[in-house]
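This report deals with pockets in a protein model. The structure is shown first, and the description comes after it.

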Amino acid sequence: MFITFEGGEGSGKTTQVRLLAEALEARGRAVWTTREPGGTPVAEVIRRVVLQPGETVAALRGARGLPAAQPTIDPITPIAELLLMNAARAQHVAEIRRRLAENTVVISDRFADATLAYQGAGRGLDVATVRAVCTLATDGLAPDLTILLDLDPRQGLRRKLHATRNRLDDEALAFHERVRAAYLALAAQAPTRWRVLDATQSPEQIAAQIWQVVGSAGSAGGSAGS
């Protein structure tokens with residue numbers, strides 16, 4: 001199976017990815033956990049460029065023997081962000097397909113739906129254009145199951161006040177509200193693939209609900225890798 005987790009900032013995706021992987025491995029399943037942007041060496045480099053461009057440029061300057069002080073860099077445009085996300089995804093998809101072919105359960109913290117929510121609704125890019133670019137990058141790969149951890153953006157951003165932050169965390173509240181609305185709309189359009197869970201519950205409560213969802217999806221059979 002190919003399982004993805006989606007949700008806004010601070011929704012607890014990373015924790016639930018880990019808990020689900022541990023539960024599956026305890027039952028003898030081979031599991032690969034991954035994330036977007038990222039998941040392969042090239043994609044992880046692109047992740048750093050997208051989420052921490054200033055620090056990444058400074059590190060590259062230092063590696064080339066140039067002054068590594070924080071440079072002034074031009075902002076990443078929404079279109080550039082869209083293309084970078086999908087360049088990383090194209091690399092990632094090849095590895096996901098390889099793992100699925102080995103009968104491994106792949107669990108990803110975000111996938112193409114995140115781009116529809118963040119770069120489409122959040123940045124205000126044309127949805128048809130965003131879908132077309134994502135379709136090119138995914139090469140037809142779609143998750144068997146997507147779990148949306150739904151949370152009011154105000155609460156999610158409060159959770160991240162003392163955590164490591166990136167440039168998306170610092171967007172205005174209205175940006176994060178558009179992202180949440182887009183996620184809920186995507187879930188409503190494909191209810192057989194999506195499951196929406198209340199992320200205000202305890203991690204243990206959420207994990208128990210996810211286990212029920214995964215068990216029912218697994219018994220129904222998946223189409224991962226198609």
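The sections below describe two pockets, their linings and the elements that supply them.

## Basis

The model is predicted. Volumes and linings are therefore properties of computed coordinates.

## The largest pocket

The largest pocket has a volume of about 770 Å³. Its lining comprises 38 residues, and those closest to the pocket centre are K13, R47, D109, R110 and N166. By class, the lining holds 15 polar, 13 charged and 10 nonpolar residues.

Which elements each supply at least two residues of this lining? They are the helices α1 (13–26), α2 (41–51), α4 (78–101) and α5 (112–122), together with the strand β2 (31–35). The greatest contribution comes from α1, which gives 5 residues.

## The second largest pocket

The second largest pocket contains about 270 Å³ of space. Here 16 residues form the lining, with A112, D113, L116, R131 and R193 nearest the centre. The lining divides into 10 nonpolar, 3 polar and 3 charged residues.

Three helices are named for this pocket: α5, α6 (127–138) and α8 (173–189) each supply at least two lining residues. Of the elements, α6 has the largest share, with 4 residues.

## The two linings together

Helix α5 supplies at least two residues to the lining of the largest pocket and at least two to that of the second largest. The nonpolar count is 10 in the largest pocket and 10 in the second largest. Charged residues number 13 in the largest pocket and 3 in the second largest.

Notes
Residues are numbered from 1 along each chain as its sequence is written. This is a predicted model: local features need pLDDT of at least 70, side-chain atom pairs count only at pLDDT 80 or more; totals for chains, interfaces and linings use all residues. Side-chain values use heavy atoms; hydrogens and water are left out. On a 1 Å grid over the protein atoms alone, a cavity is a set of points where a 1.4 Å probe fits but cannot get out, and a pocket is an open set with protein on both sides within 12 Å along at least five of seven lines; lining residues have an atom within 4 Å of a point. Grid points are joined across faces, edges and corners, and a volume is the space filled by probe spheres set on the points. Ala, Val, Leu, Ile, Met, Phe, Trp, Tyr, Cys and Pro count as nonpolar, Asp, Glu, Lys and Arg as charged, and the others, Gly among them, as polar.
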